[in-house]
Amino acid sequence: MTGPAPVDLIHLEDADGNRCIVRVTGRFQPDILTGHDILRADVLVSASFIDARLDVLLFQHDLDAWQQDLADLVPGRQAGIGGDRGLSLTLHLHEDGWLSVTVEDPDRLTTLLGIRPEENWVHRHQEDLQRVRQTWPSEVIETAPGAYQWCPDRKR
């Protein structure tokens with residue numbers, strides 16, 4: 001049996017060919033309590049000077065933070081994922097609508113892209129986040145620090 005098709009959490013692309021995509025590909029450790037709700041994702045970055053594929057693990061708190069960042073995003077503010085471990089991706093929204101996209105992987109790459117996203121990109125990314133959560137819902141409960149159990153309504 002194969003799992004669900006990959007779902008883009010972030011998909012930014014402009015007419016100049018600059019793009020940054022975070023594509024969720026599945027669970028990190030399916031059916032293992034401590035790794036089931038962690039999601040694997042590919043980070044695809046390309047521009048005239050770069051073409052890279054990196055990987056990142058997304059925890060449920062990363063998705064929660066991304067949701068809050070998107071809701072609060074106004075010119076001059078930032079939204080991002082990762083950062084407290086491994087790869088981090090930060091979007092800085094400018095007054096003129098441009099995004100500065102910073103991708104930092106401490107062991108492999110640091111780059112900055114300028115992307116002019118489509119008009120309704122924040123709303124579309126909020127919908128993409130919901131699609132990721134529907135495809136790979138949280139199915140583990142932490143009952144105490146370091147103690148986990150399956151959600152009673154877990155679908156198998």
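**Entry 1. Val122**

I began with Val122, which is partly exposed because its relative accessibility is 21%. For this label I used the following cut-offs: buried is under 20% relative accessible area, exposed is over 50%, and partly exposed is in between, with a 1.4 Å probe and protein chains only. The model is a predicted one, in which local features need pLDDT of at least 70 and side-chain atom pairs count only at pLDDT 80 or more, while totals for chains, interfaces and linings use all residues. Residues are numbered from 1 along each chain as its sequence is written, and side-chain values use heavy atoms, with hydrogens and water left out.

I placed Val122 in helix α2, residues 121–135. Helices (H or I, at least four residues) and strands (E, at least two) are DSSP runs, numbered from the N terminus. I then looked up what Val122 touches, and found Leu70 and Leu73 once neighbours within four places in sequence were set aside. Contact here means heavy atoms within 4.5 Å. I also looked up Gly35, which is 87 residues from Val122 along the chain, with 29 Å between the two C-alpha atoms.

**Entry 2. Strands β3 and β4**

I went on to strand β3 (residues 39–47), which runs antiparallel to β4 and is joined to β4 by 9 bridges. Two strands pair if DSSP finds at least two bridges between them. One of the partners I noted is Val56 in β4, which is bridged to Ala41. The two strands form a hairpin with 2 residues as the link.

Which side chains of β4 are buried? In this strand, residues 50–58, the side chains alternate. Ile50, Ala52, Leu54, Val56 and Leu58 point to one face and are buried. Asp51, Arg53, Asp55 and Leu57 point to the other face and are not buried.

**Entry 3. Two loop residues**

I found Arg108 in the loop between β7 (99–105) and β8 (109–115). Arg108 counts as partly exposed because its relative accessibility is 49%. Not counting residues up to four places away in sequence, Arg108 touches Leu54 and Asp55. I put those contacts beside the β4 pattern, where Leu54 is buried and Asp55 points to the other face. His94 is 14 residues from Arg108 in sequence, and the C-alpha to C-alpha distance is 27 Å.

Next I looked up Asp31, in the loop between β2 (19–27) and β3. Is Asp31 buried or exposed? Asp31 is exposed, because its relative accessible area is 54%. Its phi is near 70°, a positive value in a residue other than glycine.

**Entry 4. Strands β5, β6 and β7**

I followed β5 (residues 78–82) into β6 (residues 88–93); the two pair in the antiparallel sense over 5 bridges. In this pair, Ala79 has Leu91 of β6 as its bridge partner. Their hairpin has 5 residues between the strands, and Gly83 in the turn has a positive phi of about 105°.

β6 also runs antiparallel to β7, with 6 bridges joining them. Leu91 appears here too, with Val101 of β7 as its bridge partner. The hairpin of β6 and β7 has 5 residues between the strands, and Gly97 takes a positive phi near 95°.

**Entry 5. Strands β9 and β10**

I found β9 joined to strand β10 (residues 147–150) by 4 bridges, again antiparallel. Ala144 is bridged to Ala147 in β10. Which residue of this hairpin takes a positive phi? I noted Gly146, with a phi near 80°, in a hairpin that has 2 residues between the strands.

**Entry 6. The second largest pocket**

I noted a volume of about 250 Å³ for the second largest pocket. It has 14 lining residues, and the closest to its centre are Asp37, Ile38, Phe59, Gln60 and Tyr148. On a 1 Å grid over the protein atoms alone, a pocket is an open set of points where a 1.4 Å probe fits, with protein on both sides within 12 Å along at least five of seven lines, and lining residues have an atom within 4 Å of a point. Grid points are joined across faces, edges and corners, and a volume is the space filled by probe spheres set on the points.

α1 (60–72) and β9 (140–144) each supply at least two residues of this lining. β9 gives the most, with 3 residues.
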